[in-house]
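Take a moment with the chain below. The paragraphs after it go from the overall picture to single strands and a helix.

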Amino acid sequence: MESLLAAGLLLWGCATAPSLSGSIRGASYVSSQGDFSVPFPVSAEVGGRVVSDTPQSVTFHDNWGSRITFSSHPFNAQSSMMTVMQSQGREKALTEFAKTIYGGDTIVHYHADARQGAISFIFLRPVGPKTGVAMFIHGERVFAVETDMLPGVALLAQNDEQSQKERDQWLENRAVTLAQSMDVK
């Protein structure tokens, strides 16, 4: 009887939502520091949920394999980031930031019309799906979105070079669209 009770408590604990640093307000997540909020990018009908968060980030997941992370990275007004932004522009500052975080082989695309200048690129992990990333600067923070290629898309897609480029472009555009959904303070 005790083992059944223990198993029941364990299963109940796995089914409950994680303790959140931020908060849920209606259909949006609000970071605990209040520097951003985002509408839920995953659907509850397919198990969409927040799987983890910190004061600077939140990760959503669903049963179809979506993983979407929104984050905020502060930088100092006297930092090299601000110096590069003022002397060489947002594109250069964001590109250097991305190469520092994701590696020097990152090939970025600049979107002048998104968030007063955003970059996007594909990040390849040693193991795991391709990840589309978009970044933009607001105030003294860099905001970023990471979204993985859905497993089904990779399995069903053609593997020729043109199809690969189209999937990569779709994934980057998805990251930029998600970045534009952020309400930043």
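What follows starts with confidence and then turns to the fold.

This is a predicted model. The mean pLDDT of the protein chain is 85. Of its residues, 85% reach 70 or more. Residues 1-16 are another matter: pLDDT stays under 50 there. The model also gives this stretch zero contacts beyond four places in sequence. Where pLDDT is low, the predicted coordinates should not be read in detail.

Now the chain as a whole. It has 185 residues, and 43% of them are buried. Its secondary structure comes to five helices and 11 strands. Consider the contacts with a separation of 6 or more: residues 24 or more positions apart account for 48% of them. The chain exposes about 10400 Å². Carbon and sulfur atoms supply 57% of that area.

Turn next to strand 10, residues 141-148. Is this strand enclosed or open to the outside? Eight of its eight residues are buried, so strand 10 is largely enclosed by the rest of the structure. Both of its faces are covered. One side carries R141, F143, V145 and T147, all of them buried. The other side carries V142, A144, E146 and D148, and these are buried too.

Strand 10 has partners. Strand 9, residues 130-138, pairs with it in the antiparallel sense over eight bridges. In one of the pairs, G132 has T147 of strand 10 as its bridge partner. Strands 9 and 10 form a hairpin, with two residues between them. G139 sits in the turn and has a positive phi of about 60°. Strand 6, residues 67-74, also runs antiparallel to strand 10, and seven bridges join the two. Here F70 has V145 as its bridge partner. V145 is also among the buried residues of strand 10.

Elsewhere, four strands make an open sheet in the order 1-2-3-11, with antiparallel pairing. Which strands lie at its edges? They are strand 1 (23-25) and strand 11 (183-184), and each pairs on one side only. Strand 1 pairs with strand 2, residues 28-30, over three antiparallel bridges. I24 has Y29 in strand 2 as its bridge partner.

Finish with helix 5, residues 161-180. Its 20 residues reach 29 Å from the first C-alpha to the last. That is close to the 28 Å expected at 1.5 Å a residue. Buried residues in helix 5 include L171, V176 and L178. Charged letters appear on the buried list as well, including R167, D168, E172 and R174.

Definitions and conventions: Residues are numbered from 1 along each chain as its sequence is written. This is a predicted model: local features need pLDDT of at least 70, side-chain atom pairs count only at pLDDT 80 or more; totals for chains, interfaces and linings use all residues. Side-chain values use heavy atoms; hydrogens and water are left out. Two strands pair if DSSP finds at least two bridges between them. pLDDT is the predictor's confidence in each residue, from 0 to 100. Contact means heavy atoms within 4.5 Å. The expected span of a helix is 1.5 Å times one less than its number of residues. Buried means under 20% relative accessible area, exposed over 50%, partly exposed in between (1.4 Å probe, protein chains only). Accessible areas come from the Shrake-Rupley method with a 1.4 Å probe; for residues, only the protein chains shown count as cover.
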